[in-house]
Amino acid sequence: AEALIRAVDSALTVGDRNSPLDVLVQVSLDGDPARGGVPVDQVLPLVDGVTRSSELRFRGLMAVGPLGWSPERAFDLLSKVCERTRNDHPEATEMSAGMSADLETAIAYGSTCVRVGTALLGERPLTSP
């Protein structure tokens, strides 16, 4: 968040931007530090910091379900975290979850944004190890 704040501040200062940057906070549903995202129990403190910034505009949460978890388990947890977050931040209307293989389930749990690259472009090889 601090790096984004600095970058947006710089862009605003030189005139490359004229408004705050809309952001989603990534949630680590399983707390694995190697996967990215903030652990569930640290979401609200991070969101509170983001919303105090004039450079960032908090829009909601996103997550990628952990390997080995059913989509229902992942989306149910994210949905509950979103609901708790909206209690303090009603402007947080976005929930980004789901991909081509589980988009219907994600939508059933409240996802407002799904990633469907595989459905559109087909299977692709991984580019990183």
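The following legends describe close-up views of a predicted model.

Local features require pLDDT of at least 70 and side-chain atom pairs pLDDT 80 or more, whereas totals for chains, interfaces and linings use all residues. Residues are numbered from 1 along each chain as its sequence is written, and side-chain values use heavy atoms, without hydrogens and water.

**View A. The two faces of helix H2 (residues 43-52).** Helices (H or I, at least four residues) and strands (E, at least two) are DSSP runs numbered from the N terminus. Val43, Val47 and Val50 are the buried residues of H2; buried means under 20% relative accessible area, exposed over 50%, and partly exposed in between (1.4 Å probe, protein chains only). These residues line one face of the helix, because they fall within an arc of 60° seen down its axis, the arc being that of the directions from the helix axis to the C-beta atoms. Pro45 and Arg52 are exposed on the face turned away from the buried side.

**View B. Strand order in the open sheet.** Five strands with parallel pairing follow the order S2-S1-S3-S4-S5; two strands pair if DSSP finds at least two bridges between them. The edge strands, S2 and S5 (113-115), each pair on one side only. Ser96 has Cys113 in S5 as its bridge partner.

**View C. A salt bridge between strands S3 and S1.** The side chains of Arg57 and Asp22 meet at 2.6 Å, N to O, in a salt bridge (a side-chain nitrogen of Lys or Arg within 4 Å of a carboxyl oxygen of Asp or Glu). Arg57 in S3 and Asp22 in S1 are 35 residues apart. Arg57 is partly exposed at 31% relative accessibility, as is Asp22 at 41%. A network of salt bridges links Asp22, Arg57 and Arg59.
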